Amino acid sequence: MEAKYKCLVVDDEKPAHKVIRSHISHCKELEYCDSAYNGNEAMNFIRKQEYDIIFLDINMPLVSGIELMETMPQRPVTIVTTAYSDFALKSYQHDAVDYLLKPISLSLFMKAVAKAKLFCEARNSKNTIKSNIQLKVNGEMMDVLLDDIVCIESVGNYLKIYLQSGVIPVVVYGSLIEIKENLDENFIQVHRSHIVNRSHMHGNTKHNLTLTDDRIVPIGRKYQILIDNA
């Protein structure tokens with residue numbers, strides 16, 4: 001029996017939901033699961049349930065499609081569905097697998113789904129439980145337990161990795177974008193220069209987050225929604 005790919009439709013307009021759900025019904029390998037009508041609602045769905053593919057609009061209230069992609073790099077395989085051509089480059093930069101302009105024909109929808117399936121299969125083949133990360137420190141490889149990482153701070157071309165077990169941070173060359181690929185879903189970006197481990201979040205105000213080591217990190221405006229739902 002062919003695998004079923006669970007789908008979430010995200011759009012603030014009901015007619016768009018109707019079209020995409022109709023297209024999904026023509027793909028026997030797709031399973032429609034839920035509908036979200038703004039970015040905030042979509043993020044809540046993704047946090048609580050597992051989906052394989054999301055069909056994501058760009059122009060939405062509360063949290064736009066672009067903001068959702070920026071704040072949730074580890075999300076289901078994403079097909080953008082929009083009436084605007086302006087955001088194609090930014091969408092691909094945030095790993096959208098295809099960019100469909102409304103009105104969306106069934107043939108183009110099918111082609112996008114074929115791409116998404118390939119990404120899903122590749123992701124599933126690599127989807128092993130991570131417990132540690134390898135870092136190059138002073139020319140040598142160092143194993144660090146993910147649970148031991150409190151937060152990661154970007155400083156220029158380097159990263160400061162603060163560990164529960166260490167007094168001083170581990171400093172490595174790299175960027176937040178690169179290191180995200182090796183982290184699990186327990187890590188969230190809360191600022192353009194900070195990623196934190198949910199397990200080490202202790203409390204927060206509107207603008208700052210306190211961690212279990214008493215470190216205080218800033219919260220960026222567009223990342224506030226992730227803190228609210230952490």
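A residue counts as exposed when its relative accessible area is over 50%, and as buried when that figure is under 20%; partly exposed residues fall in between. Keep those cut-offs handy for this tour of a predicted model.

**Stop 1: a patch on the surface**

Start by selecting Tyr 173, which sits in strand S10, residues 170-173. Its relative accessibility is 62%, so Tyr 173 counts as exposed. Now add Tyr 158 and Val 171 to the selection: together with Tyr 173 they make a nonpolar patch on the surface. The accessible area of the three together is about 350 Å².

**Stop 2: the loop next door in sequence**

Move to the loop between strand S9 (158-163) and S10, where you will find Gln 164. Is Gln 164 buried or exposed? Gln 164 has a relative accessible area of 55%, and therefore it is exposed. Show its contacts beyond four places in sequence, and you should see Asp 147, Asp 148, Val 150 and His 200. Then select Thr 212 as well: this residue is 48 residues away from Gln 164 along the chain, yet their C-alpha atoms are separated by 8.5 Å.

**Stop 3: the nonpolar cores**

Time to go inside. In soluble globular proteins, nonpolar side chains tend to be buried together. Select Leu 8, Leu 68, Val 196 and Leu 209, the residues with the most contacts inside the largest nonpolar core, which has 34 residues. Several elements give this core two or more residues, including strand S1 (5-10), helix H3 (65-71), strand S8 (149-155) and strand S14 (208-211). Helix H2 (39-48) is also one of them, and H2 supplies the largest share, four residues.

For a second, separate core, pick out Phe 55, Val 77, Ile 104 and Ala 116, which are among its 19 residues.

Now return to Leu 68 and display what surrounds it. Leaving aside residues up to four places away in sequence, Leu 68 touches Gly 39, Ala 42, Met 43 and Ile 46, along with Ile 54, Leu 56, Val 63 and Arg 75.

**Stop 4: the cysteines**

How many disulfides does the structure hold? The count is zero. To see why for Cys 33, select it with Cys 7, which has the closest cysteine sulfur. The two sulfurs are 6.8 Å apart, too far for a bond, because a disulfide needs sulfur atoms within 2.5 Å. Cys 33 has 26% relative accessibility, so it counts as partly exposed. Cys 151, in contrast, is at 0% and therefore counts as buried.

**Stop 5: backbone details in the loops**

Select Lys 102 and Pro 103 and look at the bond between them: this is a cis peptide bond, with omega about -5°. Pro 103 belongs to the loop between strand S5 (98-101) and helix H5 (106-125).

Next, go to Asp 95, in the loop between helix H4 (88-93) and S5. Asp 95 is not a glycine, but its phi is positive, about 70°. With 53% relative accessibility, Asp 95 counts as exposed.

Finish at Asp 214, which you will find in the loop between S14 and strand S15 (216-218). Here too a residue that is not a glycine has a positive phi of about 70°. Asp 214 has a relative accessible area of 61%, so it is exposed.

Terms used: Residues numbered from 1 in each chain as written. Predicted model: local features only at pLDDT ≥ 70, side-chain atom pairs only at ≥ 80, totals over all residues. Heavy atoms only, no water. Patch = residues over 30% accessible without salt bridge, like charges linked within 9 Å, V, L, I, M, F, W, Y side chains within 5 Å. Areas by Shrake-Rupley, 256 points an atom, 1.4 Å probe, with all protein chains shown as cover. Salt bridge = Lys/Arg side-chain N within 4 Å of Asp/Glu carboxyl O. Buried < 20%, exposed > 50% of the residue type's maximum accessible area, 1.4 Å probe, protein only. Core = buried A, V, L, I, M, F, W, Y, C linked by side-chain atoms within 4.5 Å. Contact = heavy atoms within 4.5 Å.
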